[in-house]
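You asked for a quick read-through of this one before you dig in yourself. Here are my notes, in the order I would look at things.

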Amino acid sequence: MNDYYENTKAYRKVIDIDFWRNPEGVSVPDDELNFLLVPDVVESVACLDLAKQVHAYQKQHENLPEQITKSLMVTMGGLLPSVLLYDHLVEGRRGEIPRIEFGTIGVSLYRGPGDRYKNPLVQHGISIPITGKTVLVIDDLGDEGGTMQFLTRYILDSGAHKVLNLALYMKPKAMAVSGADFYFGETPQNTWIITPRERVETLMKRVPLWKQRGASMDECRRRLVDLIGYTEQEVDYYLGLAYR
């Protein structure tokens with residue numbers, strides 16, 4: 001029991017939710033981006049906060065057409081928050097609130113950190129029937145607002161009655177263009193948010209750029225561990241591969 005307590009106490013500490021609502025990323029030498037690594041436990045707390053927002057909305061719109069009965073997970077970014085939110089919104093729903101059916105829609109905006117496609121790229125269409133329904137779209141980030149606008153139009157054109165958008169974090173451009181109906185926090189525009197589902201992806205795509213710009217392997221390790229906040233275990237496992 002003592003070993004269990006010692007190895008889990010860090011995850012049972014109270015999270016400084018006010019800090020994580022408006023965090024700023026850390027700067028890295030020779031990189032135009034700032035990086036914000038969001039720990040797993042913070043994403044869990046953020047999803048609890050978002051679930052409370054959605055529960056309140058559902059109660060306000062009980063038995064109305066605007067009540068959410070369908071949800072679309074935006075792949076890939078929206079998958080992890082959607083899985084966490086499923087537990088809250090389906091298993092934790094209140095009273096006579098209907099069960100939300102979850103489906104997916106595939107869309108890509110980035111090739112890699114800071115490297116955007118000109119327009120959102122649809123990878124696969126809507127996987128569940130949504131005609132005449134109020135649909136909650138779940139994603140991890142509102143960056144410039146174009147994806148939210150695109151998906152809202154796409155889903156409405158596909159027959160939805162109403163579309164609501166949910167994101168963990170929003171940036172200023174996205175707030176100006178297409179504010180989310182539910183969101184947890186805001187970050188500066190030049191911050192690259194590293195969610196738990198893309199820690200390896202960011203490492204594998206950024207280390208070669210740092211190497212190209214003159215960083216040694218030891219310097220890359222310092223940036224990842226000491227500056228950004230990666231664990232030594234994951235850097236030890238992936239850094240050699242990324243650097244090659």
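The points below go from the small sheet to the cores, then to charged residues and backbone oddities.

1. Before anything else: this is a predicted model. Please read every point below with that in mind.

2. Start with the three-stranded sheet. It is open, its strands come in the order 1-2-9, and the pairing is mixed. Strand 1 and strand 9 are the edges, each pairing on one side only. If you are new to sheets, strands pair through backbone hydrogen bonds, either parallel or antiparallel.

3. Now the pairings one by one. Strand 1 (residues 26-27) runs antiparallel to strand 2, and two bridges join them; Val26 has Phe35 as its bridge partner there. The two strands make a hairpin with six residues between them. On the other side, strand 2 pairs with strand 9 (residues 191-194) in the parallel sense, over four bridges. Two pairs to click on are Asn34 with Thr191 and Leu37 with Ile194.

4. Which way do the side chains of strand 2 point? Asn34 and Leu36 go one way, while Phe35 and Leu37 go the other, and all four residues of this strand (34-37) are buried. Helix 7 (residues 199-212) lies across strand 2 and strand 9, at about 155 degrees to strand 2.

5. On to the largest nonpolar core, which has 26 residues. The members touching the most other members are Ile68, Leu85, Leu89, Leu136, Leu166 and Phe182. Elements giving two or more residues include helix 3 (40-60), helix 4 (79-91) and strand 6 (134-142). Helix 3 gives the largest share, seven residues.

6. For a view from inside that core, pick Leu136. Setting aside residues up to four places away in sequence, Leu136 touches Ile68, Lys70, Ser71, Leu72, Leu89, Leu164, Leu166 and Phe182. A second, separate core has 19 residues, among them Phe35, Ile194, Cys220 and Leu239. Phe35 and Ile194 should ring a bell: Phe35 is the bridge partner of Val26, and Ile194 that of Leu37.

7. Glu43 deserves a second look. This helix 3 residue is buried yet has no salt bridge, and the nearest side chain of opposite charge, Arg197, is 8.0 Å away. What is Glu43 in contact with, leaving aside neighbours within four places in sequence? The list is Val38, Leu80, Pro81, Leu84, Leu168, Thr195 and Pro196.

8. Salt bridges, then. There are 16 in the structure. As background, side chains of opposite charge can pair when their charged atoms come close. Asp49 and Arg21 form one such bridge, at 2.7 Å from N to O. Asp49 sits in helix 3 and Arg21 in helix 2 (residues 17-21), so this pair ties together parts that are 28 residues apart in sequence. Asp49 counts as buried because its relative accessibility is 15%, whereas Arg21, at 25%, is partly exposed.

9. The bridge between Asp30 and Arg223 (3.7 Å, N to O) spans far more of the chain. Asp30 is in the loop between strand 1 and strand 2 and Arg223 is in helix 8 (residues 217-228), 193 residues apart. Arg223 has a relative accessibility of 2%, so this residue counts as buried. Both belong to one network of salt bridges with shared partners, made up of Asp30, Glu219, Arg222 and Arg223.

10. For another bridge, look at Glu62 and Lys59, with 3.3 Å from N to O. Is each partner buried, partly exposed or exposed? Glu62 is partly exposed at 26% relative accessibility, and Lys59 is exposed, with a relative accessible area of 56%.

11. Last, some backbone spots to check. Most residues other than glycine have a negative phi, and most peptide bonds are trans. Asp30 has a positive phi of about 60 degrees although it is not a glycine, and Asn63 has one of about 65 degrees. Asn63 is in the loop between helix 3 and strand 3, and is exposed with a relative accessible area of 69%. The bond from Thr75 to Met76 is cis, with omega near 5 degrees; Met76 belongs to the loop between strand 3 and helix 4.

Conventions:
Residues are numbered from 1 along each chain as its sequence is written. This is a predicted model: local features need pLDDT of at least 70, side-chain atom pairs count only at pLDDT 80 or more; totals for chains, interfaces and linings use all residues. Side-chain values use heavy atoms; hydrogens and water are left out. Buried means under 20% relative accessible area, exposed over 50%, partly exposed in between (1.4 Å probe, protein chains only). Two strands pair if DSSP finds at least two bridges between them. A nonpolar core is a set of buried Ala, Val, Leu, Ile, Met, Phe, Trp, Tyr and Cys residues joined through side-chain atoms within 4.5 Å. Contact means heavy atoms within 4.5 Å. Axes are lines fitted to C-alpha atoms, for helices over the stretch in contact, and angles run from 0 to 180 degrees between N-to-C directions. Lys and Arg count as positive and Asp and Glu as negative; His and the chain ends are not counted. A salt bridge is a side-chain nitrogen of Lys or Arg within 4 Å of a carboxyl oxygen of Asp or Glu.
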